[in-house]
Number of protein chains: 2
Amino acid sequence: MAAEEEQGFRPLDEASLLAYIKATPALASRLGGGGSLDSIEIKEVGDGNLNFVYIVQSEAGAIVVKQALPYVRCVGDSWPMTRERAYFEASTLREHGRLCPEHTPEVYHFDRTLSLMGMRYIEPPHIILRKGLVAGVEYPLLADHMSDYMAKTLFFTSLLYNNTTDHKNGVAKYSANVEMCRLTEQVVFSDPYRVSKFNRWTSPYLDKDAEAVREDDELKLEVAGLKSMFIERAQALIHGDLHTGSIMVTEGSTQVIDPEFGFYGPMGFDIGAFLGNLILAYYAQNGHADQANDRKAYKKWILKTIEESWNLFQKKFVELWNKHKESNGEAYLPDIYNKPKLLSVVQKKYMTNLFHDSLGFGSAKMIRRIVGIAHVEDLESIKDASKRAECERAALNCAKTILKGRHQFETIEQVVEHIQSFDQD
Amino acid sequence: MAAEEEQGFRPLDEASLLAYIKATPALASRLGGGGSLDSIEIKEVGDGNLNFVYIVQSEAGAIVVKQALPYVRCVGDSWPMTRERAYFEASTLREHGRLCPEHTPEVYHFDRTLSLMGMRYIEPPHIILRKGLVAGVEYPLLADHMSDYMAKTLFFTSLLYNNTTDHKNGVAKYSANVEMCRLTEQVVFSDPYRVSKFNRWTSPYLDKDAEAVREDDELKLEVAGLKSMFIERAQALIHGDLHTGSIMVTEGSTQVIDPEFGFYGPMGFDIGAFLGNLILAYYAQNGHADQANDRKAYKKWILKTIEESWNLFQKKFVELWNKHKESNGEAYLPDIYNKPKLLSVVQKKYMTNLFHDSLGFGSAKMIRRIVGIAHVEDLESIKDASKRAECERAALNCAKTILKGRHQFETIEQVVEHIQSFDQD
């Protein structure tokens with residue numbers, strides 16, 4: 001980032017954050033204002049790699065304040081990363097919040113100079129979905145909520161609903177979030193397929209498996225196609241990092257957070273991220289099973305959630321399409337495509353392509369979590385390395401075959417059957 | 001265009017243009033400067049629909065000056081159109097000129113306020129290629145030159161050569177040329193497939209054929225896919241309107257002009273425009289045949305040019321790829337893809353997809369020239385309406401079958417055979 005863009009930026013600590021909040025009505029009012037501000041308590045809770053995250057509570061309310069630093073926090077300033085990601089995170093949250101407020105936390109305030117956002121405090125008992133999946137907790141509304149979120153955010157930011165002018169305005173704006181896109185390109189589509197100092201895996205168990213990924217020409221050919229689609233295809237404003245660590249849940253609530261990778265990309269990248277991480281959670285269960293809980297029922301619930309997530313998404317997405325088929329959407333103009341038979345053929349083709357894109361991206365996301373830089377707690381928390389490697393190998397083999405053979409799948413039920421066939425249980 | 005953006009704009013006439021040139025060193029110097037400027041003669045030659053075009057000559061030199069008006073010139077201010085297209089034309093010319101100076105006229109000066117460009121005067125005996133094709137003139141170097149132009153401009157503005165940051169910067173910049181993209185969307189991908197007051201065709205002969213296009217669900221399904229690709233897929237900085245009216249030729253020189261539709265789009269749209277317009281020229285020949293010249297030899301030359309254009313393009317494009325395979329191109333990183341066998345498989349897949357895209361876009365461009373708003377002189381100049389309709393029907397049927405069956409073609413030779421099979425001669 002150029003020096004002049006750094007002007008005015010300073011990392012806040014608890015004292016300066018307190019002063020900032022008191023001077024910012026959009027934040028102070030959420031905490032009751034006036035005398036309530038004297039009761040403010042601030043707790044730094046950022047467990048992530050990238051940002052400072054503060055929970056700010058007063059007797060009258062609570063908010064979260066998030067500040068991005070110009071480098072990857074856990075590595076330090078040796079790995080610089082633009083603070084502008086905070087701007088794109090706030091922008092995506094606001095846009096997705098407008099389209100699906102039920103599952104997107106409200107942004108109260110954004111300060112571009114400080115890369116600082118004030119937003120809803122997602123209160124306990126909300127926890128990160130991934131932690132719930134490790135603990136074996138069922139979320140009966142998860143598929144319903146996530147299909148809702150994905151259908152609304154993706155449909156309403158696509159050419160099925162928008163005219164080209166609005167679409168290209170969005171594309172231009174989010175093109176500047178390129179540093180985050182490049183990070184994804186590297187860690188998802190490149191590093192797992194080459195020798196890289198950032199890669200790691202459960203060694204020595206998976207040494208040969210990791211090598212096989214690097215030597216698999218058919219796999220690399222398919223991954224190249226997905227990578228180009230990720231960069232070139234501006235289909236909708238996607239979250240860009242929709243794994244189970246970006247979702248907070250209770251039994252009755254689902255909140256999607258952290259869209260700092262947001263940009264106009266292929267829809268399947270979001271859908272695949274969610275489904276792929278559920279599949280990883282499935283394969284991790286054998287490592288969490290013990291005498292008290294064999295996790296068999298929970299595995300069934302995960303598979304059911306995978307099925308329902310896609311099927312409900314597809315249903316809701318097509319319903320939105322039908323409801324808004326007279327809209328300004330440039331892709332299928334009403335006076336050309338609004339004949340019942342033709343529209344249904346068009347929709348079937350669109351959804352089939354989207355299904356295959358989702359399977360492709362989902363598999364790529366699984367692979368990178370096993371042989372790439374960033375792993376998932378689902379598998380990492382399995383202490384016994386040999387046991388963990390067994391789970392990972394099953395997930396890896398499943399992902400490789402889905403990625404290569406994704407065009408053969410016609411239904412999510414077939415995919416679920418395929419997943420089960422790789423389960424070593 | 002908003003009022004404030006109009007500030008400072010004024011359409012020039014010959015007198016004010018003369019004063020402008022004298023006050024602009026980048027233009028005056030091309031005309032010899034000093035006393036030479038007293039000999040300047042100005043001729044308005046814009047035969048087009050969109051712009052004023054002046055040839056400016058002095059005893060010491062000649063230039064072309066082009067000014068865009070904020071509406072479609074031939075319709076008047078009832079059809080507004082952004083003058084910013086001149087900016088994108090100048091930008092694309094400069095970028096393509098950097099990559100392929102042999103076939104791109106030099107830009108001497110651009111004034112964004114006046115939407116005014118000074119550029120190389122492409123001197124006689126250069127004529128518009130389309131006029132040469134109507135007259136039956138062979139251009140022995142055309143395929144060689146156009147394959148060169150397309151290979152260089154498309155390869156060097158794609159992710160095969162550029163990193164994602166540069167690519168997305170370009171995408172963002174040219175996203176603002178959206179009004180021109182929308183015009184293409186309407187006249188190429190939409191209007192021919194619906195009742196529109198802008199459509200016309202050789203009536204009554206082709207009434208049923210035009211209706212059949214509007215009722216052809218399979219065709220409309222395919223066209224929808226191409227339209228979405230046109231809007232969503234930022235593959236390279238394309239010319240955007242690469243028909244035979246955008247090319248000036250002599251026997252030994254080929255100059256590509258008028259890229260005011262330039263933006264980051266699918267490569268196949270340029271390649272298809274060129275090939276599709278050559279195919280239209282082929283089908284028009286039966287209407288130009290007379291006792292003095294049966295045009296049979298000329299038709300063979302056109303088919304040979306179609307073949308060579310694709311085959312040489314493919315050869316040169318892959319040569320550029322091989323030559324620059326160690327470059328910064330993000331799509332196929334050297335340490336993953338630079339194994340001879342894998343690289344060749346990757347390239348084959350890429351070129352096959354590009355071939356099918358080109359056939360799809362080329363066919364769509366043919367169809368719109370027969371039943372849409374803007375027709376081509378190749379066919380329009382056939383005076384006998386019944387004869388013209390025969391040529392047009394053959395071209396239309398050929399285009400429809402290529403568009404629907406494009407994935408079956410493996411070589412351009414197969415396409416040429418297909419073209420001949422629809423020839424009623």
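Biologist: How many residues does each chain bring to the contact between chain B and chain A?

Modeller: In this predicted model, chain B gives 43 residues to the contact and chain A gives 42 residues.

Biologist: And how do I read the area of such an interface? How much do chain B and chain A bury between them?

Modeller: The general idea is that interface size is often quoted as the accessible area lost when the parts come together. Here chain A and chain B bury about 4100 Å² between them, and 54% of that lies on carbon and sulfur atoms.

Biologist: Which residues in chain B lose the most area to chain A?

Modeller: Look at B:Lys168, B:Leu221 and B:Glu232. Together they account for 17% of what the chain B side buries.

Biologist: Now the symmetry, please. By what turn and shift can chain B be laid on chain A?

Modeller: In general, two copies of a chain are related by a rotation about an axis and a shift along it. For this pair, the turn is 180 degrees and the shift along the axis is 0.0 Å, with an RMSD of 0.0 Å. That is why we speak of the relation of a two-fold axis. The same surface serves both copies, too: 98% of the contact residues of chain B recur in chain A.

Biologist: Let's go inside one chain. In what order do the strands of the open sheet in chain A run?

Modeller: A word on sheets: their strands pair through backbone hydrogen bonds, in a parallel or an antiparallel sense. This open sheet has 5 strands in the order E1-E2-E3-E5-E4 (chain A), and the pairing is antiparallel. Its edge strands are E1 (41-44) and E4 (107-111) of chain A, each of which pairs on one side only. From one strand to the next, the twist averages 20 degrees.

Biologist: Over how many bridges do E1(A) and E2 of chain A pair?

Modeller: E1(A) pairs with strand E2 (residues 51-58) of chain A over 4 bridges, in the antiparallel sense. To find the spot on screen, pick A:Ile42, which stands opposite A:Val56 in E2(A).

Biologist: Which strands does helix H3 of chain A lie across?

Modeller: Helix H3 (residues 85-99) lies across E2, E3 (61-68), E4 and E5 (116-120) of chain A, and runs at about 155 degrees to E4(A).

Biologist: One last feature: at what angle do helices H9 and H15 of chain A pack?

Modeller: H9 (residues 217-232) and H15 (residues 385-405) of chain A pack at about 65 degrees, with their axes 9 Å apart. The crossing is left-handed. Among the residues that meet are A:Glu218 and A:Leu226 in H9(A), and A:Lys400 and A:Leu403 in H15(A). The contact of H9(A) with H15(A) divides into 4 nonpolar, no polar and 4 charged residues.

Note on methods:
Residues numbered from 1 in each chain as written. Chains lettered and ligands numbered in written order. Predicted model: local features only at pLDDT ≥ 70, side-chain atom pairs only at ≥ 80, totals over all residues. Heavy atoms only, no water. Pairing = 2+ DSSP bridges. Helix = DSSP H or I, 4+ residues; strand = E, 2+ residues; numbered from the N terminus. Axes fitted to C-alpha atoms, helices over the stretch in contact; angles between N-to-C directions. Contact = heavy atoms within 4.5 Å. Least-squares fit on C-alpha atoms with pLDDT ≥ 70 in both. Left-handed = near helix turned anticlockwise from the far one by under 90°. Nonpolar A, V, L, I, M, F, W, Y, C, P; charged D, E, K, R; others polar. Buried area = accessible area lost by both parts, 1.4 Å probe.
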